[in-house]
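Take a moment with the chain before reading on. Then use the points below to find your way around.

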Amino acid sequence: DGYCQACPQTCPDCPQRLNAPQTLEGAQVWDLLGRLGGQLRIAPSGGIVGWDMGSAQALARALGVPGVAVAELLPAIEAVMVAKLNERVASSDLERGDV
């Protein structure tokens with residue numbers, strides 16, 4: 001939510017604006033994502049594998065998020081999350097010299 005607060009202007013290619021949910025279901029899935037922090041699957045090597053999708057679906061049902069929206073949107077978002085978190089982990093390992 002605070003991503004654009006540091007920006008002095010409204011950028012035409014602002015990621016927060018471009019990636020904002022366009023539907024109620026999209027907003028519900030986005031809210032669900034904020035609740036999945038403790039549901040990460042992590043490989044023994046320390047790499048992020050993804051979310052526990054069974055737990056994600058159970059939480060979505062409990063919150064009343066339409067299952068079809070979760071099934072459509074969550075895997076695509078998960079793929080980006082995994083890539084970005086693993087980049088961050090690798091970058092911090094390089095900075096510490098653990099590689």
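The notes below go from the whole chain to single residues.

This is a predicted model. The chain has four helices and two strands. Along the sequence they follow the pattern α-α-β-β-α-α.

**The chain as a whole**
- The chain has 99 residues, and 19% of them are buried.
- About 6900 Å² of the chain is exposed. Carbon and sulfur atoms supply 56% of that area.
- Take the contacts with a separation of 6 or more: 50% of them join residues 24 or more positions apart.

**Helix H2: buried or exposed?**
- Helix H2 covers residues 24-34. Its buried residues include Gly26, Val29, Leu32 and Leu33.
- Seen down the axis of H2, the buried residues fall within an arc of 115 degrees, so they line one face of the helix.
- Leu24 and Gly34 are exposed, on the other side of H2.

**Both ends of helix H3**
- Helix H3 covers residues 53-63. At its start, a side-chain oxygen of Asp52 comes to within 3.1 Å of the backbone nitrogen of Gly54.
- Gly64 sits just after H3 and takes a positive phi of about 80 degrees.

**Salt bridges**
- How many salt bridges does a search of the whole structure find? The search finds two.
- One joins the side chains of Asp31 and Arg35, at 2.9 Å from N to O.
- Both partners are partly exposed: Asp31 has a relative accessible area of 38%, and Arg35 has one of 45%.
- Another joins the side chains of Glu87 and Lys84, at 3.9 Å from N to O.
- Glu87 and Lys84 both lie in helix H4, three residues apart, which is about one turn of the helix.
- An α-helix has 3.6 residues a turn, so residues three or four places apart point the same way.
- Glu87 is partly exposed, with a relative accessible area of 48%.

**A buried charge: Glu78**
- Glu78 lies in helix H4, which covers residues 67-96.
- Glu78 is buried, yet it has no salt bridge.
- Which side chain of opposite charge is nearest to Glu78? That side chain is Arg41, 4.1 Å away.
- A salt bridge needs a side-chain nitrogen of Lys or Arg within 4 Å of a carboxyl oxygen of Asp or Glu, so the pair does not count as one.
- Leaving out residues up to four places away in sequence, Glu78 touches Arg41, Gly50, Trp51 and Met53.

Note on methods
Residues are numbered from 1 along each chain as its sequence is written. This is a predicted model: local features need pLDDT of at least 70, side-chain atom pairs count only at pLDDT 80 or more; totals for chains, interfaces and linings use all residues. Side-chain values use heavy atoms; hydrogens and water are left out. Buried means under 20% relative accessible area, exposed over 50%, partly exposed in between (1.4 Å probe, protein chains only). The arc is that of the directions from the helix axis to the C-beta atoms. A polar contact is a pair of N or O atoms within 3.5 Å; within protein, one must be able to donate a hydrogen and the other to accept it, and residues adjacent in sequence count only if both atoms are side-chain atoms. Lys and Arg count as positive and Asp and Glu as negative; His and the chain ends are not counted. Contact means heavy atoms within 4.5 Å. Accessible areas come from the Shrake-Rupley method with a 1.4 Å probe; for residues, only the protein chains shown count as cover.
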